Amino acid sequence: MSAEQLFSEVYSTKPQVTSQAWGRVNLIGEHIDYNGGMVLPAPIGRFINMAVSPSDTGHDEIYSNIFDGLSKRDVGCPAQGVWSDYVVGALNLAREKGLYEGNVRVAIESDVPYGAGVSSSAAVIVATFRALAKLNGEALDGVQIAKWAQIVENDYIGMPCGIMDQMAVSMAEPGSAIALDTDSLDFSIVDLPKDYHFAVVFSGVTRQLEEGRYAVRRQECEAAAAALGVEYLCQMSDQQIEQIASLEDVLARRARHCVSEHQRVLEAINAIQAGNMARFGQLMNQSHVSMRDDFEITVPEVDALVETSVEKGALGARMTGGGFGGCIVACVAKDNMSDWISAVLAAHPKAELVA
Ligand code: GLA
């Protein structure tokens, strides 16, 4: 059912505007978007669709058939740890910034899996800003939307994320990835290879980054940067990088992941532009090892899925997203995709092909 149909069914009237935003997969560059690093996310062919109308009920009404059902929320109410928070956070900020006044009715229809590391939350927030801008007849710049969406996550939801997901959801185009400098927000669009598919496979392990493990990694990175006397771990000179060895073990490993992951992204961008997917695959594999051993954000199910993916013929595979479960991404020759996915799913019955 479309978001428009859903809206009509729930509110017995037609919506005034609709908006859309896709989920994303990060091809390489994990946990470095808050360390001044380069990342390479791409949209997946899964969408959040939203239908919205102004309302004079005195509160906001948000309906979703996959998340919380119908939520009635008061203007300015605090986050409640439910999905409508993402819409409410965006509404609150939009009112604060003068983008929109008044109440709304919202219906959300989505096939972006939740808690799987493909940015369903960023997609909901970005789609909300897009819809509000439409209601207000304003053309909002995509980078502005991404920045606001990050503020909603950081300040309203309490998730101390970087800006990769919001930029990917707001700025990238299907069929391409976005090579994003997360410090300057400069980016370029990188075409994806025609003969290879970046398959996204859900491990079956759902996670919630607000649980706190993500925040702990961020704190560890900040502690490592402070001990090294630098602003960002991904922007250190060779001399500063040598000092990592003087840190205590855990901080040294966190810093080593950030430095090596940033280097891998730079190399991966060159490799994909040169059509060298074998090299790209190797870098994905190395990225996974670094997340597993140095950054310690993988879980056994995800490690096993990555291993099987490569064993069954992917050029490379790695966990993608914040970690502690969620999805892997694997680079697979399109000709081999159907045999490959059958073999992978046979070995991992709880896994699911997402894109
Ligand atoms: C989550 C966060 C992003 C990023 C990734 C890890 O998706 O929202 O900002 O840090 O984890 O790369």
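Let's start with H9 against H10. From H9, the contact residues are Asn285, His288 and Arg292. They meet Val302, Asp303, Val306 and Val310 in H10. By class, that contact has three nonpolar, two polar and two charged residues. Keep in mind that this is a predicted model.

Now the geometry of that pair. H9 covers residues 277-293, and H10 covers residues 300-311. Their axes are 12 Å apart, and the packing angle is about 160°. Anything over 145 degrees counts as roughly antiparallel, so H9 and H10 are roughly antiparallel to each other. The crossing of H9 past H10 is left-handed.

Next pair: H6 and H8. H6 is residues 213-228, H8 is residues 249-273. Here the axes are 9 Å apart, at an angle of about 95°. How do these two helices lie to each other? H6 and H8 are roughly perpendicular, because the angle falls in the range of 65 to 115 degrees. On the H6 side, the contact uses Arg217, Glu220, Cys221, Ala223 and Ala224. On the H8 side, we have Val250, Leu251, Arg254, Ala255 and Cys258. The class split is seven nonpolar, no polar and three charged.

Third pair: H3, residues 120-135, and H4, residues 142-157. The axes come within 9 Å and cross at roughly 125°. That makes H3 oblique to H4. H3 passes H4 in a right-handed crossing. Which residues make the contact? H3 supplies Ser121, Ala122, Ile125, Val126, Phe129 and Arg130. H4 supplies Ile145, Trp148, Ala149, Val152 and Glu153. Sorted by class, this contact gives eight nonpolar residues, one polar and two charged.

Last topic, the ligand. How many residues surround it? The count is 14. The closest are Glu30, His31, Asp33, Asp165 and Tyr214.

Let me go through some polar contacts to ligand oxygen atoms. Take Asp33, one of those closest residues. An N or O atom in the Asp33 side chain is 2.6 Å from an oxygen atom of the ligand. Then Arg24: a polar side-chain atom of Arg24 lies 3.1 Å from a ligand oxygen. With Gly322, the backbone does the job: one of its backbone N or O atoms lies 3.4 Å from an oxygen atom of the ligand.

To recap the helix pairs: H9 and H10 are roughly antiparallel, H6 and H8 are roughly perpendicular, and H3 is oblique to H4.

Notes: Residues numbered from 1 in each chain as written. Predicted model: local features only at pLDDT ≥ 70, side-chain atom pairs only at ≥ 80, totals over all residues. Heavy atoms only, no water. Axes fitted to C-alpha atoms, helices over the stretch in contact; angles between N-to-C directions. Helix = DSSP H or I, 4+ residues; strand = E, 2+ residues; numbered from the N terminus. Parallel < 35°, antiparallel > 145°, perpendicular 65-115°, else oblique. Left-handed = near helix turned anticlockwise from the far one by under 90°. Contact = heavy atoms within 4.5 Å. Nonpolar A, V, L, I, M, F, W, Y, C, P; charged D, E, K, R; others polar. Near = heavy atom within 4 Å. Polar contact = N/O pair within 3.5 Å; in protein donor to acceptor, adjacent residues only side chain to side chain.
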